[in-house]
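Work through the following exercises with the sequence and the model open side by side. Each task is followed by a solution in steps.

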Amino acid sequence: CIFPVPPPPETVTNCSDGGVLGVVPGVIGNLQALEAIKILADMEVCYSGKLLLFDGMRGSFTTVKLRARRVDCKVCGNNPEITSLIDYVEFCGSKPNDKCFNLSILGKEDRISVEFLKRLEKDSYTIIDCRKRVEYEICHLPNSVNIP
């Protein structure tokens, strides 16, 4: 197994927060469908025993050969201890999607556009960035202050 021990719940994120572009799951889904068709048609399977990594920004693929099955693996070994899927919500403390149906988005009159911000004098505004500090440190706009 790739991850014999689940990662700590605080490190698990949804696709949107993790930076997955919306089209990427479609690309991977098409590849999975192709592999399923090849299995059903009794054709040679390309990715059996391999992990395919897709970099959507570069448009490149990398294939990693997986190690052989371990007899002491807790999931697929000779005496598996984990025989069912974990409850994602219980484990992570959040839902597996980023859809918040109770979200109240600001009206158009309460927002500013990037174009409007670009036209302002650089010292005439301050942006309050309320993301986590680590996210702010990765990338932030000029004239912004981080208040998580």
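**Exercise 1. A nonpolar surface patch**

Task: Find which residues form a nonpolar patch on the surface, and state their accessible area together.

Solution. The model is a predicted one. Step one: the patch consists of L21, V23 and M57. Step two: together these residues have about 360 Å² of accessible area. Step three: place V23 in the chain; V23 sits in the segment before α1, the helix of residues 24-40. Step four: classify V23. Its relative accessible area is 59%, and the cut-off for exposed is over 50%, so V23 is exposed.

**Exercise 2. The chain as a whole**

Task: Give the order of the secondary structure elements from the N terminus on, and state what share of the residues is buried.

Solution. Step one: count the elements; the protein chain has four helices and four strands. Step two: read them from the N terminus, which gives α-β-β-α-α-β-α-β. Step three: turn to burial. Of the 148 residues in the protein chain, 9% are buried. Step four: take the surface. The protein chain exposes about 12800 Å², and 59% of this area is supplied by carbon and sulfur atoms. Step five: look at contacts between residues at least 6 apart in sequence; 23% of these join residues at least 24 apart.

**Exercise 3. The β1-β2 hairpin**

Task: Determine how many bridges join β1 to β2, and which residue of β2 stands opposite L52.

Solution. Step one: locate the strands; β1 covers residues 50-55 and β2 covers residues 60-65. Step two: the two strands run antiparallel and are joined by six bridges. Step three: within this pair, L52 stands opposite T63 in β2. Step four: inspect the connection. Four residues lie between the strands of the hairpin, and G59 takes a positive phi near 70 degrees there. Step five: look for a salt bridge at this hairpin. The side chains of R58 and D55 meet in one, at 3.1 Å from N to O. R58 is exposed, with a relative accessible area of 70%, whereas D55 is partly exposed at 24%.

**Exercise 4. Salt bridges elsewhere**

Task: State how many salt bridges the structure holds. Then decide whether E35 is buried or exposed, and do the same for its partner K38.

Solution. Step one: the structure holds four salt bridges. Step two: one of them joins E35 and K38, whose closest N and O atoms are 2.7 Å apart. Step three: consider the spacing. E35 and K38 are three residues apart in helix α1, so about one helical turn separates them. Step four: apply the cut-off for buried, under 20% relative accessible area. E35 has 9% relative accessibility and therefore counts as buried. K38, at 10%, also counts as buried.

Step five: compare with the bridge between R70 and D72, where the closest N and O atoms are 3.2 Å apart. R70 is partly exposed, with a relative accessible area of 38%, while D72 counts as exposed at 52%.

**Exercise 5. N146 and its surroundings**

Task: Identify which backbone oxygens the side chain of N146 reaches, and decide whether N146 is buried or exposed.

Solution. Step one: N146 belongs to strand β4, residues 144-146. Step two: its side chain reaches the backbone oxygen of D129 at 3.0 Å, and that of R131 at 3.0 Å. Step three: list the contacts, leaving out residues up to four places away in sequence. N146 then touches D129, R131, K132, R133 and Y136. Step four: N146 has a relative accessible area of 10%, so this residue is buried.

**Exercise 6. Positive phi outside glycine**

Task: For D42 and N143, give the value that phi is near, and say in which loop each residue lies.

Solution. Step one: phi of D42 is near 55 degrees, a positive value in a residue other than glycine. D42 lies in the loop between α1 and β1, and is exposed, with a relative accessible area of 71%. Step two: phi of N143 is near 60 degrees, again positive in a residue other than glycine. N143 lies in the loop between α4 (133-138) and β4. Step three: N143 has a relative accessible area of 28%, which means that it is partly exposed.

Terms used: Residues are numbered from 1 along each chain as its sequence is written. This is a predicted model: local features need pLDDT of at least 70, side-chain atom pairs count only at pLDDT 80 or more; totals for chains, interfaces and linings use all residues. Side-chain values use heavy atoms; hydrogens and water are left out. Patches are made of residues with over 30% relative accessible area and no salt bridge: like charges are joined within 9 Å, nonpolar side chains (Val, Leu, Ile, Met, Phe, Trp, Tyr) within 5 Å. Accessible areas come from the Shrake-Rupley method with a 1.4 Å probe; for residues, only the protein chains shown count as cover. Buried means under 20% relative accessible area, exposed over 50%, partly exposed in between (1.4 Å probe, protein chains only). Contact means heavy atoms within 4.5 Å. A polar contact is a pair of N or O atoms within 3.5 Å; within protein, one must be able to donate a hydrogen and the other to accept it, and residues adjacent in sequence count only if both atoms are side-chain atoms. Two strands pair if DSSP finds at least two bridges between them.
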